[in-house]
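User: Please take a close look at the charged side chains in this structure. I would like to know which of them pair up, and where they sit.

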Amino acid sequence: MASTPSDTAELVEAYAEHLSELTTILARDIRLLTDIARENGSQAAHALVPVLVQAITAAPATQILPKIYVVDSILKNVKDEVGQTYRTLLAPVIADAVVQAYRRCLADNASPTIKAKLDKVRKTWAEQQLVPASELAKMEAAAAAPALQGASPWAAPAPGVGYPPTYNVMAQQHQPQQPQHQQQQHITHNAAAPVASLLSNLLVQGVIGPGTAAQAATTAVAQPHHQRDPSVTTATITTTTTA
């Protein structure tokens, strides 16, 4: 059944709210936002792509990466017609958003690690041909701007900075297990509350089905928090990493 304008408006509002609250790298939330994009189909993509772009361009430098990773996850994990719709709609707009992200990091004197991770995302998009070459060239030009090379704030990134998780929702069982004492450092006892509230609202509105809600709720309880500092590596929630 086709969604009504009110359904779409509720979806956009809920999605934008959760994106704005995604200020640190939380794999469970990124997977949830990816699932919502997939389940609502190609029609919803036309409404959600502007929300994604706006979230990136409006974020301060320290909060850019979580939003970029949502787009990254959608590009890599949403398949078939829905995935193609997202790739088509993102193609002409994602480069400008990423260029603004590079500039925002420079203006905010952000950690050089953020730029290093943006570079990694951009390179995987090129390798997997997820974004047109012409748009990738714009991003590369922004990354290679003289102001971003060598001088403050873009000193050489720390050795061993890894690429973010691929957020492959079909292969979560392959995630490496942390020692128990390390897991405890990342768990906040009320961490699942914002996710549970979002799931409840989306379930009532019919945005997601009971199956997705149950799976996401289970993941929210089981998935430990990532470190709160977004400038550190994401090894604790990585399914595959690039050295």
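Analyst: What follows is a reading of the salt bridges and of one charged surface patch.

The model is predicted, and the pairs of side-chain atoms described here count only at pLDDT 80 or more. Side chains of opposite charge can pair when their charged atoms come close. A search of the whole structure finds 6 salt bridges, and the pairs discussed below are among them.

In helix 2, which covers residues 27-39, one of the pairs is formed by Arg 38 and Asp 35, whose side chains meet in a salt bridge with an N to O distance of 2.7 Å. Because these residues are 3 positions apart in the helix, Arg 38 and Asp 35 are separated by about one helical turn. The two partners fall into separate accessibility classes: Arg 38 has a relative accessibility of 26% and therefore counts as partly exposed, whereas Asp 35, at 14%, counts as buried, the cut-off for buried being under 20%.

Asp 29 also lies in helix 2, and its side chain meets that of Arg 28 in a salt bridge of 3.4 Å, N to O. The side chains of Asp 29 and Arg 28 are likewise joined by a polar contact of 3.4 Å. Both Asp 29 and Arg 28 are buried; for Asp 29 the relative accessible area is 6%, which is why Asp 29 is placed in that class.

A further pair is found in helix 7, residues 112-127, where Lys 115 and Asp 119 lie 4 residues apart, about one turn of the helix. Lys 115 forms a salt bridge with Asp 119, and the closest N and O atoms of the two are 2.9 Å apart. Lys 115 is buried, as is Asp 119. This pair belongs to a network of salt bridges that links Lys 115, Asp 119 and Arg 122.

The surface patch concerns charges of one sign, for Asp 7, Glu 10, Glu 13, Glu 17 and Glu 21 gather there in a patch of negative charge. Asp 7, one of its members, lies in helix 1, which covers residues 5-21. With a relative accessibility of 30%, Asp 7 counts as partly exposed, because that class lies between the cut-offs of under 20% for buried and over 50% for exposed.

In short, helix 2 holds the pair Arg 38 and Asp 35, helix 7 holds Lys 115 and Asp 119, and the negative patch on the surface includes Asp 7.

Key
Residues are numbered from 1 along each chain as its sequence is written. This is a predicted model: local features need pLDDT of at least 70, side-chain atom pairs count only at pLDDT 80 or more; totals for chains, interfaces and linings use all residues. Side-chain values use heavy atoms; hydrogens and water are left out. Patches are made of residues with over 30% relative accessible area and no salt bridge: like charges are joined within 9 Å, nonpolar side chains (Val, Leu, Ile, Met, Phe, Trp, Tyr) within 5 Å. Accessible areas come from the Shrake-Rupley method with a 1.4 Å probe; for residues, only the protein chains shown count as cover. A salt bridge is a side-chain nitrogen of Lys or Arg within 4 Å of a carboxyl oxygen of Asp or Glu. Lys and Arg count as positive and Asp and Glu as negative; His and the chain ends are not counted. The place of a charge is taken as NZ of Lys, CZ of Arg, CG of Asp or CD of Glu. Helices (H or I, at least four residues) and strands (E, at least two) are DSSP runs, numbered from the N terminus. Buried means under 20% relative accessible area, exposed over 50%, partly exposed in between (1.4 Å probe, protein chains only). A polar contact is a pair of N or O atoms within 3.5 Å; within protein, one must be able to donate a hydrogen and the other to accept it, and residues adjacent in sequence count only if both atoms are side-chain atoms.
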